Amino acid sequence: MAIAVICLSLIALLDPLITSRPARADMRRQVRADLHRVHRVSKVLVRIRKLAEGLRTEERALKAAIDWSQSSVRGVESDSMVRLWMRMASLRYRMWVVRRAAARLRKVRHELEDRIHFLRIALTHLFRVCPVDEPRSYVDDFGVWVRRDEKGLPTKDKKKWHHHQGIDIFSVPGTPVRAPFPGWARVATNPVGGLAVKVFGAQGFVYNAHLLTYGHLGHVEEGTIIGYIGNTGDARDTSAHDHFEWHPFNGPAVDAYPYLNEACGPRGLDR
Ligand SMILES: [Zn+2]
């Protein structure tokens, strides 16, 4: 019964983990809702811990009973012995289910806390200026399949495809690319990204690729021009754009779309 309750709450709690593309008010609402969910998950986890403790006590008692029977029966299997082992098997299964539920809930809580964290950063204006001047436009193409190999050449071999790690901000060649926050800009040029610049700030770094030329490097303020829109690297056969990646706390890239919208207007249009 307790396990059924856990499974039902798992489904209810996993359901809201669908990323939304919120505006500021929505983001605040989302943070509140997520905090509430974290609270609920924590409560369920406390119940699971109690349940697991109960199961462990039961396991110890059963083990003692088995040991006792084994020593008195001297290895000969009696009916009562078989019953004890059956009970042990079902107990172990229940323990496994409970452990798995706890692990999944901890993961959910972790993801919710992550999202709260990033939303809070976004609410404090993560990008203080839009990284690309007007005219510009982009869509949320983070995570779409890139049908190119590690050298940036188009390929039909699905094993070589990868998920797009940034947002492509399209503009006119030569349009200024700016540091979205104060920090340190340095060259990150490579064959795939072409001329590229990373800007390291207090919350992580951004990566701008396919630049036509560099701008100011080293110490930068928000809005300092660090380069100009181009199509170098594997973008040579596409139109000019800034491949823009956001790496919170210098970790893996995450979808920068909501943060960009905060700084550039929806899809980079009119602000
Ligand atoms: Zn790109």
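**Strands, a buried helix and two cores**

Student: In this predicted model, how many residues lie between S7 and S8 in their hairpin?

Tutor: S7 covers residues 195-200. S8 covers residues 204-214. The two form a hairpin, and the residues between them number three.

Student: How many bridges join S7 to S8, and which residue of S8 stands opposite Lys198?

Tutor: S7 and S8 run antiparallel. The bridges that join them number five. Opposite Lys198 in S8 stands Tyr207.

Student: Which residue in S7 stands opposite Ala185?

Tutor: S7 also pairs with S6, residues 183-187. That pairing is antiparallel and spans four bridges. Opposite Ala185, in S7, stands Val199.

Student: In S9, what is the bridge partner of Trp184?

Tutor: S6 pairs with S9, residues 218-220, as well. The sense is antiparallel, over three bridges. In S9, Trp184 has as its bridge partner His219.

Student: Now the helices. Is H4 largely enclosed by the rest of the structure or largely exposed, and why?

Tutor: H4 runs from residue 257 to 264. Its buried residues include Pro258, Tyr259, Leu260 and Cys264. Seven of its eight residues are buried, so H4 is largely enclosed by the rest of the structure.

Student: Which residue follows H4, and what is the sign of its phi?

Tutor: The residue after H4 is Gly265. Its phi is near 80°, so the sign asked for is positive.

Student: Which residues have the most contacts inside the largest nonpolar core?

Tutor: Nonpolar side chains tend to be buried together in soluble globular proteins. Here the largest nonpolar core has 33 residues. The elements giving two or more residues to this core are S4, S7, S8, S10, S11 and H4. The residues with the most contacts inside the core are Ile167, Val199, Ile226, Tyr259 and Leu260.

Student: Leaving aside neighbours within four places in sequence, what is Leu260 in contact with?

Tutor: Leu260 is one of the buried residues of H4. Beyond those sequence neighbours, its contacts are Phe127, Tyr138, Ile167 and Gly268.

Student: How many residues are in the second, separate core?

Tutor: Its members include Val41, Ala101, Leu105 and Val108. The residue count of this second core is seven.

Student: Among contacts between residues at least 6 apart in sequence, what percentage join residues at least 24 apart?

Tutor: The protein has four helices and 11 strands. Of its 271 residues, 25% count as buried. For contacts between residues at least 6 apart, the share joining residues at least 24 apart is 68%.

Key:
Residues are numbered from 1 along each chain as its sequence is written. This is a predicted model: local features need pLDDT of at least 70, side-chain atom pairs count only at pLDDT 80 or more; totals for chains, interfaces and linings use all residues. Two strands pair if DSSP finds at least two bridges between them. A residue is buried if 20 or more other C-beta atoms lie within 10 Å of its own, exposed if 12 or fewer, and partly exposed in between; C-beta atoms are placed from the backbone. Two residues are in contact if their C-beta atoms, placed from the backbone, lie within 7 Å. A nonpolar core is a set of buried Ala, Val, Leu, Ile, Met, Phe, Trp, Tyr and Cys residues joined through C-beta atoms within 7 Å.
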